[in-house]
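Here are some short exercises on charged side-chain pairs. Try each one before you read its solution.

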Amino acid sequence: MNENDDELTTFCDSTSSLVEGCRLPVRMQGGDDWPLAEIISIKEVQGQRGFYVHYVDFNKRLDEWVGESWLDTRKVQFPRRDGTATGGTTTPKKTLIGSGGGVMPTFINDTVCNENQKSSNARTITNQLTQPKTHEKAHFSNALNGSAQKNALAVVEPRQLVSRPASPTLVNDSSSLVNGGAVLAAALQKKMNRKRKPPSLDNDVSLHSEPSQEGEADATASGTATPTARPRQSGSLVAHGHDDLVTRMKNIEMIELGRHRIRPWYFAPYPQEMVNLPCIYICEFCLKYRKSKKCLERHLIKCKLKHPPGNEIYRKGSISFFEIDGRKNKCYAQNLCLLAKLFLDHKTLYYDTDPFLFYVMTEFDSRGFHIVGYFSKEKESTEDYNVACILTLPPYQRKGYGKLLIEFSYELSKFEGKTGSPEKPLSDLGLLSYRSYWAQTILDILLHIKPVGDNEKPVITINEICELTSIKKEDVISTLQNLNLINYYKGQYIISVNQETLQQHEKAMEKRMLRIDPKCLHWTPKDWSKRAKCV
């Protein structure tokens, strides 16, 4: 090792000296990349050591068990004596809460699904496609857990990589047109500090279209968002500073829900007797979980439900929405939260479901109403949140159901006559879906504005956009900034839409086949504050 190298970086000739908390390059699934990874747990079974690693700067759903041959021991960063890592996220101390996430996977990608299923379900991150694990990794897992079971069901690989949204670039225009992102940010900051009254954002905003010019960057909905609110400190989603070792590791290997077998993404607090099973069998109608296929078959004979409990408030074609009260249907709501935790990292609500309403989207066929996704909302939200948690199950992702859930939540807000916003923090996939929905909805409003006079340009205010869409003002402004549409021109804010943005929007709307029909929604808002006083 060179003298200039960090004193904590060591060359190891063997993996026997590796301990939990070490950081070193690890070969990542699906390619020849060796990103830096942190060892979370170490297990030795049948003479072979397995390492549960977390790839630094990557989502936790990519965490996995690897063998010794997948580790690069030429540059190892050992944890400091105080137990902290050499940089970045600290390694939590091990806590004795059951066996916690120590389950090694029985099913590996190439033993669960064929190559066609994997290629169709894979997503991209930094323009690299996920690939199936090599035979060596599969052999290592089989040696630890026995041979993999045969799977005759439709298998879904939920661990999908998502491309990072591209940062927006400034639009090149005439010298008299100044980008209004900084101006709006300063105005919002002044309003928050209440030091002095800023230029009103509610004044008329003129809208005009301009042709795209050479060198002008494409405006996309996946730009970097400007944070408008601090993460919430209470509720069903909380931003954690750190997690213990148990919750950092996936503890459920596989679940079977209806016709699908799904590999979970994150830890979920299922009972301890369910953790070490190769698969948990879940009834797709009541969401109760069973240890074996035989137990599930006996349960299905007794289970009378063919749809979620509660009131069906929307139906169009095969799509239905059911409203479930977390207090009246506590068992179903708790099971739904446990299922959702497998795919939501920061979800903290499991058992106290009384203050929440759950809206479950289902797909109907001859066998019943099959759950596709859901979102929950507080009965009384002091911060105007219209969504607490939102999830589309992995078998139904990338089919338009996520935007349908979001659109339905805002349709409820329209019925209530108020604006709403999702509870923060959003997951990476949720953030992408919301940004895309906000952009498409706002652009659709802007394109259909009619001018007052023959030779006049269309005029609209930020508040009018909020009233038409029920999207909160902060989200409208951040979306316009992400799209680089809002500018400051001659003392007023203007929205300039180029032809390339319009063409991209039209193509996106052509692909969006699933839409909410307000005429099919039969629902009356309830005043929960009055109901609480009566109880």
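**Exercise 1.** Which residue forms a salt bridge with Asp72, and how far apart are the closest N and O atoms?

*Solution.* This is a predicted model, where local features need pLDDT of at least 70, side-chain atom pairs count only at pLDDT 80 or more, and totals for chains, interfaces and linings use all residues. Numbering starts from 1 along each chain as its sequence is written, and side-chain values use heavy atoms, with hydrogens and water left out.

- Step 1: look for a salt bridge (a side-chain nitrogen of Lys or Arg within 4 Å of a carboxyl oxygen of Asp or Glu). Asp72 pairs with Arg74, with 2.9 Å between the closest N and O atoms.
- Step 2: check accessibility (buried is under 20% relative accessible area, exposed over 50%, partly exposed in between; 1.4 Å probe, protein chains only). Asp72 is buried at 15%, while Arg74 is exposed at 60%.

**Exercise 2.** Which parts of the chain does the salt bridge between Glu323 and Lys526 tie together?

*Solution.*

- Step 1: the closest N and O atoms of Glu323 and Lys526 are 3.7 Å apart.
- Step 2: place both residues, using DSSP runs numbered from the N terminus (helices: H or I, at least four residues; strands: E, at least two). Glu323 sits in strand β17 (residues 319–325) and Lys526 in the loop between α13 (499–511) and α14 (528–534), so the pair links parts 203 residues apart in sequence.
- Step 3: Glu323 is buried at 8% relative accessibility, and Lys526 is partly exposed at 33%.

**Exercise 3.** How many salt bridges does the structure hold?

*Solution.* Count the pairs: there are 17 salt bridges.
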